[in-house]
Amino acid sequence: MIIVKFQRYFVTALFLALLAIAGTAAAQSIDQGLPTPVRSNEINGRIAALDLGDPRLTRHFYAFAGLPGDLLVTLSSRNLNGDIDIFTAITFRPIMKITMYAGGNALSPEVTKGFYLRSPQVFILRVEARTPNDDAGTYQVRFG
């Protein structure tokens, strides 16, 4: 009887520990097939600078669900050149593109775009950008 109770507490404690680790490890996904789920109306991300002369872009993928009605996407970024694209999750059909330009160390002006949803839909958001210098860049995406 005591061993069974101990096992229940151990399993519960192990589950809670794994849940806490998974919650802190949830960062930007670089795998298109396994995007990071968006659980709030805001995404904050950071893109590290690559070596001088490296032309590659860093890609982060997120998945989110849209409900019927207008979906507004607001982007603000600092020290990044690139794009934010939204695709349908199943067919990967492009829905929206917002371009980012690095303009000094200050935040670039916010850009807001929107589209109308007739039915619930799952989307993939792809951030594809790089920094123009040796400083890291940041981005913030808000949904409304």
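Start by selecting Asn41, which sits in the loop that links β1 (36-37) to β2 (42-47). Before going further, keep in mind that what you have open is a predicted model. Asn41 has a relative accessible area of 49%, so it counts as partly exposed, a class that ends at 50%.

Now add Gly144 to the selection and draw a distance between the two C-alpha atoms. Asn41 and Gly144 are 103 residues apart in sequence, yet in space their C-alpha atoms are 7.1 Å apart. Which residues does Asn41 contact, once its neighbours within four places in sequence are left aside? They are Val141, Arg142 and Phe143.

Two of those contacts lead to the next stop. Val141 and Phe143, along with Leu125 and Tyr139, touch the most other members of the largest nonpolar core, a set of 23 residues. To see where this core comes from, colour the strands one by one: β2, β3 (58-66), β4 (69-78), β5 (81-88), β6 (94-100), β7 (111-117), β8 (121-130) and β9 (137-143) each contribute at least two residues. Pause on β8, the source of the largest share, with four residues. As general background, nonpolar side chains in soluble globular proteins tend to be buried together.

Next, show the aromatic rings. Phe64, Phe115, Phe123 and Phe143 belong to one aromatic cluster. In total, the count of aromatic pairs is four, taking ring centres within 6.5 Å as the rule. Zoom in on Phe115 and Phe123: their ring centres are 5.6 Å apart and their planes meet at 75 degrees, so this pair is edge-to-face, a label for angles over 60 degrees. Are these two rings' residues buried or exposed? Phe115 has a relative accessibility of 15% and Phe123 has 1%, so both fall under the 20% limit and are buried.

Finally, zoom out and show the whole protein chain as a cartoon. You should find one helix and nine strands. Followed from the N terminus, the order is α-β-β-β-β-β-β-β-β-β, with the helix leading and the strands after it. If you colour by burial, 35% of the 144 residues are buried. Switch to a contact map and look at pairs at least 6 apart in sequence: 77% of those contacts join residues at least 24 apart. For a last view, turn on the surface. The protein chain exposes about 9300 Å², and 61% of that area is supplied by carbon and sulfur atoms.

Terms used
Residues are numbered from 1 along each chain as its sequence is written. This is a predicted model: local features need pLDDT of at least 70, side-chain atom pairs count only at pLDDT 80 or more; totals for chains, interfaces and linings use all residues. Side-chain values use heavy atoms; hydrogens and water are left out. Buried means under 20% relative accessible area, exposed over 50%, partly exposed in between (1.4 Å probe, protein chains only). Contact means heavy atoms within 4.5 Å. A nonpolar core is a set of buried Ala, Val, Leu, Ile, Met, Phe, Trp, Tyr and Cys residues joined through side-chain atoms within 4.5 Å. Rings of Phe, Tyr and Trp (its six-membered ring) pair if their centres lie within 6.5 Å; planes under 30 degrees apart count as stacked, over 60 as edge-to-face and the rest as tilted. Accessible areas come from the Shrake-Rupley method with a 1.4 Å probe; for residues, only the protein chains shown count as cover.
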